[in-house]
Amino acid sequence: MVMKKVLAVILSLTMICSLAACGGASMEGETAPEQAKTEAPAADNAEGAGSAADTQPASGDATEWVWPSKEELHVGYSQADLASTWRTVESDDMQRVADERGYKITIVNAEGDAERQISDVESLLAQGCNVIVITAVDGDAIQPALDKCKEKGVPVIMKARGSNGVPGVDYVTFFSSDFVAEGRYAGEWIAKACADKETIKVAEIQGILGGTDVRDRSGGFHEVADKEGNFDFVVEQTANFSRTEAQEVAANVLQSTNGEIDAFYCHNDEMALGVSLACQSAGLKVNEDVYIVGVDGMYETFEAIKDGTISATITCTPKFAEQVFNGIEAGISGEALETFYAIEDVPVDATNVDENYDLGF
Ligand code: GZL
């Protein structure tokens, strides 16, 4: 008999969100936070939290997760790929925190293959992993892996790239930046920088299609574009989060438009750095002829902002394994977890890059 959770008693969490749109909670600190008797924020309070908090288990029963003891904890981490600095730092951070806290962890890499990720998760279960953390290659394609875990009651925590399933039914919770808010920040930055233009010619360089990060970064950006009404999307094309691919795409775009692009919105900094090289090769002056906005907050991007070859970025730290392990420990101790924990993001440009430098990676 699975009790439907109507009112989750949630942890009193150190709210680090500074985003008005953040909505989700955040989990901080070294030890499991004290319990607090406050009402779980309704899904619509988590405005901007992508779809993570929008799909509460309306009618279906919540899954009865079987949490191990801390002593028996064996985390299985299914990583989407290691094709970017972001992903490598993310995996290293998970290993670091597991080692520091004395937990067993097995990390596998799907190398960007959604089908392979399903067999990766099956392999983790076969190795005895009793809590599964997943960074999904594809928010839909991951579902069979979630079903396998659900059958066994093995708790699943989504991390950094989510699932399109139902929180509380298909997975326990989702730790991530608020990608919709990131897209909004990028749109607002470009709208402000191009306030003198009647029409803003925009090239949107997208990440790996199918990920919830890409869907929501685009969604938040288009929300602002629709509101402003003067964004002309000359190009919307994926470059798969790759710097070299983005440089090629941007070179083609600049050639086909005769350099007539006012702003590039890139779904991550690796691509923004590639676009910047293409713009400079085409003789364009960044922040005069064209603006380039990325997402992630890499140190390399902060340096590019300082030397004027990137206009702005929004931080999206890969280093939040502490919060994920705090969530696992809270689950083990019997606390009801929220469906979404937003990691703090900050827009960075030449006006505040020095004060935010330590948020980089
Ligand atoms: C965001 C993460 C994204 C980064 C990219 O949570 O999934 O994937 O922003 C990375 O740099 O490739």
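**Strands, helices and buried faces in a predicted model**

Strand β1, which covers residues 74-79, is joined to β2 by 6 bridges, and the two strands run parallel; helices (H or I, at least four residues) and strands (E, at least two) are DSSP runs numbered from the N terminus, and two strands are taken to pair if DSSP finds at least two bridges between them. Within this pairing, Ser78 has Val108 of β2 as its bridge partner. The model is a predicted one, in which local features need pLDDT of at least 70 and side-chain atom pairs count only at pLDDT 80 or more, whereas totals for chains, interfaces and linings use all residues. Residues are numbered from 1 along each chain as its sequence is written, and side-chain values use heavy atoms, with hydrogens and water left out.

The pairing of β1 with β2 belongs to an open sheet of 6 strands, whose order is β2-β1-β3-β4-β5-β11 and whose pairing is parallel. At the edges of this sheet stand β2 (104-109) and β11 (340-343), each of which pairs on one side only. From one strand to the next the twist averages 15°, where axes are lines fitted to C-alpha atoms, for helices over the stretch in contact, and angles run from 0 to 180 degrees between N-to-C directions.

Taken as a whole, the chain has 9 helices and 12 strands. Of its 361 residues, 59% are buried, a term that means under 20% relative accessible area, while exposed means over 50% and partly exposed lies in between (1.4 Å probe, protein chains only). The chain exposes about 14500 Å², of which carbon and sulfur atoms supply 49%; accessible areas come from the Shrake-Rupley method with a 1.4 Å probe, and for residues only the protein chains shown count as cover. Among contacts (heavy atoms within 4.5 Å) between residues at least 6 apart in sequence, 75% join residues at least 24 apart.

A second set of pairings involves β8 (263-266). This strand pairs with β6 in the parallel sense over 4 bridges, and Tyr265 in β8 is the bridge partner of Glu204. Strand β8 is also joined by 3 bridges to β9 (residues 291-293), again in parallel, with Phe264 standing opposite Ile292 of β9. In a regular strand the side chains alternate between the two faces of the sheet. In β8 both faces are covered, since Ala263 and Tyr265 on one side and Phe264 and Cys266 on the other are all buried.

Helix α6 (residues 243-256) has 14 residues and reaches 20 Å from its first C-alpha to its last, close to the 20 Å expected at 1.5 Å a residue; the expected span is 1.5 Å times one less than the number of residues. Its buried residues are Ala246, Val249, Ala250, Val253 and Leu254. Seen down the axis of α6, these buried residues fall within an arc of 130°, so they line one face of the helix, the arc being that of the directions from the helix axis to the C-beta atoms. They pack against β6 (200-206), β7 (231-238), β8 (263-266) and α7 (269-281), whereas Thr244, Glu248, Gln255 and Ser256, on the other side of α6, are exposed.

Gln206, found in strand β6, is buried, with a relative accessible area of 12%. Leaving aside residues up to four places away in sequence, Gln206 touches several residues, among them Val214, Glu236, Asn240, His267 and Met271.

A similar description can be given for helix α3 (residues 143-152), whose buried residues are Ala145, Leu146 and Cys149. Viewed down the axis of α3, its buried residues fall within an arc of 100°, so they line one face of the helix. The cover over these residues includes α2 (114-126), β3 (131-134) and β4 (156-159).

Backbone angles were also examined. Most residues other than glycine have a negative phi, and most peptide bonds are trans. Asn240, although it is not a glycine, has a positive phi of about 55°; Asn240 lies in the loop between β7 and α6 and, at 33% relative accessibility, counts as partly exposed. Ala160, in the loop between β4 and β5 (173-177), has a positive phi near 75° and is buried, with a relative accessible area of 4%. Positive values of phi also follow the two helices described above, with Asn258 at about 55° just after α6 and Gly153 at about 75° just after α3.
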